[in-house]
Structure formats: structure tokens, C-alpha cells
Amino acid sequence: MSWRVRVATPADAEAIAQVHWDSWVATYTGVFPQASFDAFPLAARREVWQREAANTAPGRRLLVAVADLPASDAPVLGFACLGPYRRQPHEAAEAGAGEGELTALYLRPGHFRRGIGRALWQAVLQAAREIGYPALRLWVIAGNPAERFYAAMGALPVGHNVFDAHGTPVREHCCRVDLSSTD
């Protein structure tokens, strides 16, 4: 199946939410307690992605990888979301100032290792450069197979955090890519 990456539209929000849910269930069952899934169900994800798809604020991009079919038939195979870095409460005030953040990159289960994630990553880097971000940060849950992907893409660890997910401590790593030196 061939596919392409494009900017998402509000019409993509339902499919983005489904990919987000399906990928979350496939990746995080056993990592997060059931209460975390219950607290952020598919319906809530639909609302989030409807707002995000309509958000045209500077510094933001929502991208989708879609099958190369007529628009009405093209399923969303994955998506990525870029915005300004959201400094975490445990970080120093200057952490990530002026940088971008990859807030989401998810693929439909069964569509890994086909180049879709890499294409979304490259599109995010290009968008971040166009916006003028000097660097891109992301947070990834420890043990997520995506850690290896981000490392292979040149994202270097710069910090970590442990947060409480409904009574379960979850470790996450912050990674960073300097956009002035990355292809």
C-alpha cells in the first residue's frame, strides 16, 4: 500500500482519535492501569483531536499519513502533532524555551516498520524548521519500543521524569533534536 503525509483537517479527527486509541491500547496495556484508559476514553480523544485539527495557532501542526487512495476512502495510518514545548513542572524555567515539541506520533497497529513513522518524523522536523524552532523535544514512556526509533532518528536523551498514573509510577524520558544540525 502506498501512502502520503499531509496536514490534517477537522475531517480527519475521528480517524486520528481511533488510531490514537488503538495504538495506546496496543502499546500501553500492562504499562498503565485500566484507570488511565478509563480516564481518557475514545470519546475524549475525539474531542481532543477535533480541537487540535481545527487549531491554526502559530507554531502548531497536525500531520497525518494516509493511504494513497481517493480522499473519501483513504484511511489514516498514523499521525503526528507538533507544538511549542510544554515545560514540565519539575524542569528549570528555561528548559525548552522557544523549542518545539512532538506531542504525539502514533501509527495504526499493524503498520509499523513500513516507513510511515519515519516519514511523519521527517515531516515534523521539516515543519519545526519552517516554524523556526531551534530544537525539538519529545517525551517517551520508558520501555516503549518507540525509544529505539527516536534514538535511531537522532533524538538524544536530556532528562527524565516519573509521574503517577492512577497509582502506578511511570518513568518517561525527554529526548531532544538540535534542528540546526539534523538533516
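This is a short dialogue on reading a predicted model.

Student: What average pLDDT does the protein chain have?

Tutor: Start with the general caution. Where pLDDT is low, the predicted coordinates should not be read in detail. Here the protein chain averages a pLDDT of 89. A score of at least 70 is reached by 91% of the residues.

Student: Which helix has the lowest confidence, and which the highest?

Tutor: Helix α2, residues 34-39, is lowest, at a mean of 90. Helix α4 is highest, at 96.

Student: How many residues are in the largest nonpolar core?

Tutor: A core is built from buried nonpolar residues whose side chains join up. In this model the largest one has 27 residues. Those with the most contacts inside this core are Leu102, Leu105, Leu120, Trp121, Leu136, Leu138 and Tyr150.

Student: Which elements supply at least two residues of this core?

Tutor: Five strands and a helix do: β2 (61-67), β3 (76-84), β4 (100-107), β5 (135-141), β7 (168-178) and α4 (116-131). Helix α4 gives the largest share, eight residues.

Student: What does Leu105 touch?

Tutor: Leave out residues up to four places away in sequence. Leu105 then touches Phe79, Ala80, Gly117, Leu120, Trp121 and Tyr150. A second, separate core has 23 residues, including Ala8, Val19, Trp24 and Val76.

Student: What is the volume of the largest pocket, and which residues lie nearest its centre?

Tutor: The volume is about 1500 Å³. The lining has 48 residues. Nearest the centre lie Tyr28, Leu105, Tyr106, Asn144 and Tyr150. Leu105 and Tyr150 also appear among the core residues with the most contacts.

Student: What is the make-up of the lining?

Tutor: The lining residues divide into 28 nonpolar, 11 polar and nine charged. Strand β4 gives the most to this lining, with seven residues.

Student: Is Val66 buried or exposed?

Tutor: Buried means under 20% relative accessible area. Val66 has 0%, so this residue is buried. Val66 is found in strand β2. Its C-alpha atom is 7.3 Å from that of Gly78, and the two residues are 12 apart along the chain.

Student: What is the phi of His166?

Tutor: First the general idea. Most residues other than glycine have a negative phi. The phi of His166 is near 50°, a positive value in a residue other than glycine.

Student: Where does His166 sit, and what is its relative accessibility?

Tutor: His166 is in the loop between β6 (156-165) and β7. Its relative accessibility is 48%. Exposed means over 50%. His166 therefore counts as partly exposed.

Technical notes
Residues are numbered from 1 along each chain as its sequence is written. This is a predicted model: local features need pLDDT of at least 70, side-chain atom pairs count only at pLDDT 80 or more; totals for chains, interfaces and linings use all residues. Side-chain values use heavy atoms; hydrogens and water are left out. A nonpolar core is a set of buried Ala, Val, Leu, Ile, Met, Phe, Trp, Tyr and Cys residues joined through side-chain atoms within 4.5 Å. Buried means under 20% relative accessible area, exposed over 50%, partly exposed in between (1.4 Å probe, protein chains only). Helices (H or I, at least four residues) and strands (E, at least two) are DSSP runs, numbered from the N terminus. Contact means heavy atoms within 4.5 Å. pLDDT is the predictor's confidence in each residue, from 0 to 100. On a 1 Å grid over the protein atoms alone, a cavity is a set of points where a 1.4 Å probe fits but cannot get out, and a pocket is an open set with protein on both sides within 12 Å along at least five of seven lines; lining residues have an atom within 4 Å of a point. Grid points are joined across faces, edges and corners, and a volume is the space filled by probe spheres set on the points. Ala, Val, Leu, Ile, Met, Phe, Trp, Tyr, Cys and Pro count as nonpolar, Asp, Glu, Lys and Arg as charged, and the others, Gly among them, as polar.
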